[in-house]
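Okay, thanks for coming, everyone. I'll put the sequence and the structure up first, and then we can walk through a few places together.

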Amino acid sequence: MKCTVCGKPAIVKFPAHNSAFCEEHLDAFFLRQVSKTIEKYKMLPPKGRVVVAISGGKDSLVTAYVLKRLGYEVLGFFVDLGITQNDFSPRSREVVENFCKEHDIPLEIVDLKERYGKDIPEVAKRQDRICAICGVTKRHLMNEYALSVNADALATGHTLDDMAKLLLANLMRWDLHHLAKGVPTLPAEPGFAKKIKPLAFQSEDEIIAFAKLHNIKPVEAKCPYGREAKYNRYQEALDMLEEKSPGIKRSFYKNYTKYAYLFEGTQARPPKVNCEVCGFPSVSPVCTFCRTWVVDNEKKK
Ligand SMILES: [Zn+2]
Ligand SMILES: [Zn+2]
């Protein structure tokens, strides 16, 4: 197996791109791909300021690393959920702190217990939809932070595999609202920072190879609440198709981004109000975030 670019021995092969690369050209390939995505989907201005939500998993670490290499001003953001089972939160926090130190990335940490007097395991005792609540919590906090530092955008580590399986799941249900929102860039709206997914066209194997090349070590501890299981069967279906037709995942998602605008405004949504507590847009007088973390505490006092 030889590098498609220079002919030296290759360390990795990407059938979807009909290419193989040596170390040097794997690095160049990955950076060029992400840089093209950023440009095509108008994610960031040159040297723009970007908040990256870093969980400690490989996808968010690679997102932060690549944006830094491409010359953007990267600000890391981490939420300490207080999950001590499997040593999940402490290990994740340590990985993110060490990574940011090593790559000279300023890091903002929100510790739920410190700020709100309780953490995810405590909320989980009274909530069976804890993964949804956890998602709402992280999104609220990262959005608030991105707005507070005037970032050009808020980046998350969603990958091609994430985007393609969500697309398939949303198509299966003809969920028009989410079909309108599955694009790599969501523009800023009142109360919401611009959201970008710079790895939206990088598949799992590319990210793993790139992380290994740069010695990026993700946290190994798994979240005991196991939220990732939800879309597994869509992932399996796509993996099976990809095996038979390399590149199909990429074209499935890429072609969708051309037509996503067709889904805009296709479904009536409940009118948005501003949350009475935090002031951010909400569908109810007090938003889920404030109901979970803020209002309860006030009642107890
Ligand atoms: Zn090469
Ligand atoms: Zn609120």
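**A walk through the model**

Let's start with Cys 22, which is buried, with a relative accessible area of 8%. Before I go on, please keep in mind that this is a predicted model.

So where does Cys 22 sit? It's in the loop between β2 (19–21) and α1 (23–40). If you skip its neighbours within four places in sequence, Cys 22 is in contact with Cys 3, Cys 6, Pro 9, Ala 10 and Ile 11. Two of those names come back in the UniProt record, an unreviewed entry, which puts a "binding site" feature at Cys 3, Cys 6, Cys 22 and His 25. Those residues span 23 residues in sequence, but no two of their C-alpha atoms are more than 8.1 Å apart, so they gather at one spot.

What about His 25, buried or exposed? At 15% relative accessibility, His 25 counts as buried. His 25 lies in helix α1, and, leaving out residues up to four places away in sequence, it touches Cys 3, Val 5 and Cys 6.

The same unreviewed UniProt entry also has a domain annotation, "2-thiouridine synthetase TtuA-like N-terminal LIM", covering residues 2–26. In the model, the end C-alpha atoms of residues 2–26 lie 12 Å apart, and that span is 16% helix and 24% strand.

Okay, moving along the chain to the domains. The domain assignment gives domain 1 as 40–268 and domain 2 as 270–301. How many residues does each one bring to the contact? Domain 1 puts in 19 residues and domain 2 puts in 12 residues. Their centres, taken over C-alpha atoms, are 24 Å apart.

The area buried between domain 1 and domain 2 is about 1300 Å², and carbon and sulfur atoms give 70% of that. Which residues should you click on? Try Tyr 116, Lys 118 and His 140: they supply 42% of the area that domain 1 buries against domain 2, more than any other three residues.

As for charges, the rule finds zero salt bridges across the interface of domain 1 and domain 2. It does find two residue pairs in polar contact there, both at pLDDT 80 or more. On the domain 1 side, α4 (112–116), α5 (120–124) and α6 (130–148) each supply at least two residues that touch domain 2. Out of that side, α6 gives the most, with eight residues.

Now salt bridges in general. The count by this rule comes to 15. One of them is between the side chains of Asp 111 and Arg 93, at 3.2 Å from N to O. Asp 111 lies in strand β5 and Arg 93 in helix α3, so the pair ties together parts that are 18 residues apart in sequence. Asp 111 is buried, at 16% relative accessible area, while Arg 93 is partly exposed, at 22%.

Another one to look at is Asp 161 with Lys 249, where the side chains meet at 2.6 Å, N to O. Here Asp 161 lies in helix α7 (residues 160–173) and Lys 249 in helix α11 (residues 248–259), so this pair ties together parts that are 88 residues apart in sequence. And both ends are tucked away: Asp 161 counts as buried at 3% relative accessibility, and Lys 249 is buried at 7%.

Then there's a local one. The side chains of Lys 165 and Asp 162 meet in a salt bridge of 4.0 Å, N to O. Lys 165 and Asp 162 are three residues apart in helix α7, and so about one helical turn separates them. To go back to Arg 93 and Asp 111 for a second, salt bridges with shared partners join Asp 80, Arg 93, Glu 97 and Asp 111 into one network.

A stop at Lys 58, in helix α2 (residues 58–69). Lys 58 and Lys 212 are 154 residues apart along the chain, and their C-alpha atoms are separated by 9.8 Å. Not counting residues up to four places away in sequence, Lys 58 touches Glu 204, Ile 207, Ile 208 and Pro 218. There's also a polar contact of 3.1 Å between the side chains of Lys 58 and Asp 59.

Last thing, backbone angles. Asp 104 has a positive phi, near 60 degrees, and isn't a glycine. Asp 104 sits in the loop between α3 (88–102) and β5 (107–111), and it counts as exposed at 59% relative accessibility. Asn 215 also has a positive phi, of about 55 degrees. You'll find Asn 215 in the loop between α9 (204–213) and α10 (232–244), exposed at 53% relative accessibility.

Conventions:
Residues numbered from 1 in each chain as written. Chains lettered and ligands numbered in written order. Heavy atoms only, no water. UniProt positions renumbered as here; feature names shortened; annotations may be inferred. Helix = DSSP H or I, 4+ residues; strand = E, 2+ residues; numbered from the N terminus. Buried < 20%, exposed > 50% of the residue type's maximum accessible area, 1.4 Å probe, protein only. Contact = heavy atoms within 4.5 Å. Domains from an automatic or database assignment. Buried area = accessible area lost by both parts, 1.4 Å probe. Polar contact = N/O pair within 3.5 Å; in protein donor to acceptor, adjacent residues only side chain to side chain.
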